[in-house]
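Student: I'd like to go through the labels on this model and see what backs each one. Can we take them one at a time?

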Amino acid sequence: MKNRREFLTAAATLAVSTKLNALGHLPQIKTPLTPGTPTAAAKLAVSTTRTHTIPKNFIGLSYESQQLTDPHFFSPANRQLIAQFKALSPAGVLRLGGNTSDFSWWKPTPETTQPPRPASVVVSGEPTNAFAYPITPAAIDSLRKFLDATKWTCIYGINLGNNTPALAADQAAYAAQALGPHLEYFQIGNEVDDFSRHIRDPKTWSPQTYFVEWLAIARAITEKVPNARFGAPDVASHYEWLTAFAESYAATENPPKLAALTHHHYVGGPPSSPTMTIEHILGGATTDPAVDKAATIVQAAAAQVKSTYRMTEGNTCYRGGKPGVSDVLASALWAADYLLNLASLGYAGVNLHGGDAKAVANSLGGTLPGEALMKNPNEPHPKPFYTPIADIDGTYTAEPVFYGMLLAQQFAGATLLDVTFDTSFTPTNPPAGTTPVTATVNATAFAAIRPDGKTIIAVINKDLTNDLVLHVTGAWPASVLRLTGHAIDSHDVTFARATVTPNGIWDPQPESAVVYYGHNAPIRIPKGSAALLVSH
Ligand code: BDP
């Protein structure tokens, strides 16, 4: 009975996104097993030692604040978008921010006009002040109803680039009362470490001058909203600003309430960069060094100020993503791996960036540079290229990154278990039908115990050459969901229940949905795919 219920729940979750996929290839993608593919082995031991519990609201999306100029976007009428949010997580976090958040102005009444820019603002790079836009109470009221419908919460970005404490506090007060329990916290300023590139004088801009501005606005908001909490400093890549922020914060008497230290992460970019490739985002033999660097710095800073830490905006490739890299199976594997890695590093959550083509283009000065790299500009395409949910010809569609996030979402609320993962294991009797090779396979593994007592194991085979035969210590019956597609560079991706033969090899002809994993029944995970095992 239990098994059936579990199956139905998984099927229901997947059905929503499946139905909405405009390209209509889900859920059955036949096995990507190719006879003769080199097959390496890996051995996984899952310990009973529990590390920490992943928050239920770990998964999140990040959208440009400018999205609020259309009150119909985050609105109860946008049913398809609501369905996609719910399919991704029953309790996710929507972060509003991005470059455009520093170009908004608060328009409480129809008569209010755009205030003059403060004297400290020097607009030079992109986006320019031509992209300034008003935020109205109607947009925030509509957002509240969208959050009611999705049961998501919100991290609300406030303009630091072109704002005054008084106007910021008025907008925050409205947002706090309108969003009510859906408001997680405010963030003031987006990627403030890069302000010297476009909205502040590089000669004077520093973590210290930033903190003075941040504090003035955070205090003004706290005066009007006494329970207001903040995430900061939301830096792009200069992680030492996290340390500086924590130091200034710790030295401040009676500081505003801090909920989280926040930073961003894009694997690389821009789209025209020849190093922005599938091989690059999947990491080859080395992992992305910026991930560990950011984690080490943010963990120390968060310990100093006793806060959580969250990756509030990121994706594969900055400046809107790259076609053929950010919107294909490789990006789904990247998302699953990156998110589970951050979960194991103790992050409170992660928001991958996306949204509407126009809002993200505006965040970059009006265009998406990836458009010039599209092989066939007439084919329907997700834009921005990295977006988890795309508007394809008027239909909100789950994109590859979405499915990687959906795999990671299965760990939300679960408690991580220590794993030992040997990626250059030599089995004594490789399964029939494989072409064994000795190789270190580029794969990662994560395990957790869910509140219902079931063990889940994710194995992400990022290797582009070798299939992986997984040997798991112990032997339990389990169901398998797999994250796969026709090819590593194909747009069609699915995360669905897999069928396997009794000996654990993926079966192109659906027969059995249960695998007994363990030494005697290794599981084959084709190159460029991932598997999620759920114990019975
Ligand atoms: C970040 C910005 C965001 C952009 C994104 C990108 O915060 O507004 O859309 O990069 O370049 O730096 O894709």
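Tutor: Sure, and let's start with handedness: a crossing is right-handed if the near helix is turned clockwise from the far one by less than a right angle, and left-handed if anticlockwise. Keep in mind that this is a predicted model.

Student: What kind of crossing does helix 2 make as it passes helix 3?

Tutor: A right-handed one. The helices here are residues 79-88 for helix 2 and residues 137-150 for helix 3, and their axes cross at roughly 45°, coming within 9 Å.

Student: Why are helix 2 and helix 3 called oblique to each other?

Tutor: Angles under 35 degrees count as roughly parallel, and 65 to 115 as roughly perpendicular. The crossing of helix 2 and helix 3 is at roughly 45°, a value that belongs to neither class, so the pair is oblique.

Student: Which residues of helix 2 and helix 3 meet?

Tutor: From helix 2 you have L81, I82, F85 and K86, and they meet F146, A149 and T150 of helix 3. Sorted by class, that contact has five nonpolar, one polar and one charged residues.

Student: Next pair: what makes helix 4 and helix 6 oblique?

Tutor: Same reasoning. Helix 4 (residues 165-179) and helix 6 (residues 207-224) have axes that cross at roughly 45° and come within 8 Å. That angle again falls between the cut-offs of 35 and 65 degrees, so these helices are oblique to each other. Helix 4 passes helix 6 in a right-handed crossing. On the helix 4 side the contact uses P165, A168, A169, D170, A172 and A173, while helix 6 brings A216, I217, A220, I221 and K224. By class, that makes nine nonpolar, no polar and two charged residues.

Student: And how do you know whether helix 7 and helix 9 are roughly parallel or oblique?

Tutor: Check the angle: helix 7 (residues 240-250) packs against helix 9 (residues 289-305) at about 5°, with the axes 9 Å apart. Angles under 35 degrees count as roughly parallel, so helix 7 and helix 9 are roughly parallel to each other. Helix 7 makes the contact through L242, T243, A246, E247, Y249 and A250, and helix 9 through I297, V298, A301, Q304 and V305. Eight nonpolar, two polar and one charged residues take part in this contact of helix 7 with helix 9.

Student: On to the ligand. What makes the pair between E191 and the ligand a polar contact?

Tutor: The cut-off is 3.5 Å between N or O atoms. A polar side-chain atom of E191 sits 2.5 Å from a ligand oxygen atom, so the pair passes. E313 has a polar side-chain atom 2.9 Å from an oxygen atom of the ligand, and for H353 the distance is 3.4 Å, so these two pass as well. Overall, 15 residues surround the ligand, the closest being E64, N99, E191, R319 and Y386.

Student: Which peptide bond leading to P233 is cis, and what is its omega?

Tutor: The one from A232, with omega near -5°. P233 lies in strand 8 (residues 229-235). The bond from G269 to P270 is cis too, with omega near -10°, and P270 is in the loop between strand 9 (257-268) and helix 8 (278-282).

Student: Why mention the phi of K151?

Tutor: Most residues other than glycine have a negative phi. K151 has a positive one, near 65°, and lies in the loop between helix 3 and strand 6 (153-158).

Note on methods: Residues numbered from 1 in each chain as written. Predicted model: local features only at pLDDT ≥ 70, side-chain atom pairs only at ≥ 80, totals over all residues. Heavy atoms only, no water. Axes fitted to C-alpha atoms, helices over the stretch in contact; angles between N-to-C directions. Helix = DSSP H or I, 4+ residues; strand = E, 2+ residues; numbered from the N terminus. Parallel < 35°, antiparallel > 145°, perpendicular 65-115°, else oblique. Contact = heavy atoms within 4.5 Å. Nonpolar A, V, L, I, M, F, W, Y, C, P; charged D, E, K, R; others polar. Near = heavy atom within 4 Å. Polar contact = N/O pair within 3.5 Å; in protein donor to acceptor, adjacent residues only side chain to side chain.
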